[in-house]
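Visitor: Got a minute to walk me through this one? I'd like to go bit by bit.

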Amino acid sequence: MMSDVNTVPASVAMLRVLESWGVKQIYGYPGGSFSSTMSALEQEKERIQYVQVRHEQVGALAAAAEAKLTGKVAVTFGSAGPGATNLLTGLYDAREDHAPVVALVGQVPSPNMNMNYFQEFSEQPMFEDVAVYNRTVMTPESLPWVVDKAVREAYKHQGVAVVVIPNDMGFGEIPDVEYASAMIDETKEAPLPDPTNEEVDKFLEMVKEAKRPLIHVGRGIKDGGDQLVELSKKLQIPLVMTGLAKGLVPDEYEGNLGMANRAASKAADEMFATADLVIAIGADFPFANLVYRSHDFKFIQIDADRVQFGRHHYLDLGIWSDATSFVEKALDRSEAAPESPWFKAAVADMQNWSEYLDMLTNRDVSPLEFEPVYKHINRIAKDDAIFSIDVGDNIINSFRHLKLTKKNKWVISALFASMGVGVPGALAAKFNYPDRQVFNISGDGAYSMVMQDLITETKYQLPIINVITSNEALNFIKNSQADTDMNDYSGIFIEGQDFAMSAKSMGVEAVTVRSTDELEAAFDKAVEVTEAGKPFLIDAKITDKRSLPVEDLLIDVEDGKWVEKVAPNYNAVGVMEHIDSVRDFFDSYDAQSLKTLPELFEEFGVEA
């Protein structure tokens, strides 16, 4: 009877399922155990693009970045054995940042399984921790069905779904019928909870009783940033952002103090250290065990996910609600608070900090430092530019110096913090938003992990602006070691490379910059080349200076007065000189203009 039915290879049916879900490209590197899917990709090349990366980790990181940028499921693959193991870093990045990704994993043909065959091992256990769905295909007929289910599970749990495919299963002929079930918009959000009047009134009562309230804003605020600014002004509560919420509240809003902890502003860390009421709105903060434990305060948490309550701090009040709905109801039910010395001091602290950053950005320094590099990134960046920011010092520097608004998209490895995400994130951005300007901002340590995939930009003629800040050090780790009781730095200095030369060898126009006065021409050239449809690389040879470590400022109350100190572990490494005075600490970072927090509190009358 089968002879009367049109058939299709199971791997082709599987790809048609992915096509029905809107998947436009698949990132991966082929192996012998993945030939059935590669054959299908050739047959379906008019409808789905195979993107040939040069390392499976890059493919998985690109898929994770695509899912973060678009909110839609993205797909990566690796062959059996090393191809499968190479996927794990990118898949964990997707898991930690709640990105829907499907990973197709090759396996040896089923007759060779459990026979100690070449590159054959039990793959499912390896993916058990990273995956929300993890299956090995048992028959050709089930292959498209399992992949369809994998997409649904990835969307449902906002995580990774893994499908292991024995090579012969994909070649098997199955009935050529419709296998996809993509009939609804899986990106549509489920209805979110609203707050009750009683919950909002209790919140307002606690705010009124507090002397120093602060709102910690997470990405759960989504499109409600303007309403949150209005509430901040009305109740005189400054805002501190989590990293992933950057750009959701305008940077220029005077009450936006930026980020806390290490990739932070001075004002955010100081105000967090002195707040007596912290209100977390839609926030997941991986450094809470540091920042939230600095002193006692009352804690209110507003979150749409009930699992998150109490995760970072015991609750004085928990409100199960969508963040923006909560803010809108709080606006409706609140009265304007009187002018607050605390709020005024926070605004002044942030203004003082911003003026310091502007000074660093605009000065002409030699040798080259990182701040002027960001000045020119901001200068040439279009309003809707997309930024892929690699892990390391560029996270701190981007949070402090990169201008972002709601019009921009940007992607990082937030919770997993995997070095090497800059290039893959830029690839994903350009494939999905071909008409928008895309930047890859990477340090030399992170970039050198994935630099082979610069050739992928050439292969697909992706006009990406690659900015490599090269200082011959793993500087983020170097500065961590500086505050550790070690005899000397260990393992953090790396050999310098001519990244411009290597880029040219891969067909990418490039330039090396060593001084501030060379930046303008280099970035203008980047615009010219990318607007002509080709990638460009700037190798910015910067110093390995440490940016002012605001996390080393400690605030306390002694004899009823505010006191600010430098952490005792600052410059604890044996080769560094410890500084005790806050004023000397500031001066050592060319920050003579910065005011101490006790000075600001005295100026505005903020009592201990």
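Visitor: How far apart are the end C-alpha atoms of residues 13-123?
Guide: They lie 23 Å apart in this predicted model. The span is 41% helix and 18% strand.

Visitor: What does UniProt list for that stretch, residues 13-123?
Guide: An unreviewed UniProt entry lists residues 13-123 as "domain: Thiamine pyrophosphate enzyme N-terminal TPP-binding".

Visitor: OK, switching to strands. Which way do the side chains of β14 point?
Guide: They alternate along residues 317-320. Leu317 and Ile319 point to one face and are buried, while Gly318 and Trp320 point to the other face and are not buried. In general, side chains in a regular strand alternate between the two faces of the sheet.

Visitor: And does β13 run parallel or antiparallel to β14?
Guide: Parallel, with four bridges joining β13 (residues 298-303) to β14. Gln301 is the residue opposite Gly318 of β14.

Visitor: Now helices. Which residues of α20 are buried?
Guide: In α20 (residues 475-482), they are Asn475, Lys478, Asn479, Gln481 and Ala482. Viewed down the helix axis, these buried residues fall within an arc of 155°, so they line one face of α20.

Visitor: What covers them?
Guide: The cover over the buried residues of α20 includes α16 (393-401).

Visitor: Last thing, pockets. How much space is in the second largest pocket?
Guide: About 660 Å³. It is lined by 35 residues, and closest to its centre are Asp251, Met350, Ser354, Arg400 and Lys403.

Visitor: Which element gives the most to that lining?
Guide: α14, with nine residues. The elements giving two or more residues are β11, α14, α15 and α16.

Note on methods
Residues are numbered from 1 along each chain as its sequence is written. This is a predicted model: local features need pLDDT of at least 70, side-chain atom pairs count only at pLDDT 80 or more; totals for chains, interfaces and linings use all residues. Side-chain values use heavy atoms; hydrogens and water are left out. Buried means under 20% relative accessible area, exposed over 50%, partly exposed in between (1.4 Å probe, protein chains only). Two strands pair if DSSP finds at least two bridges between them. UniProt positions are given in the numbering used here, feature names are shortened, and annotations may be inferred rather than shown by experiment. The arc is that of the directions from the helix axis to the C-beta atoms. Contact means heavy atoms within 4.5 Å. On a 1 Å grid over the protein atoms alone, a cavity is a set of points where a 1.4 Å probe fits but cannot get out, and a pocket is an open set with protein on both sides within 12 Å along at least five of seven lines; lining residues have an atom within 4 Å of a point. Grid points are joined across faces, edges and corners, and a volume is the space filled by probe spheres set on the points.
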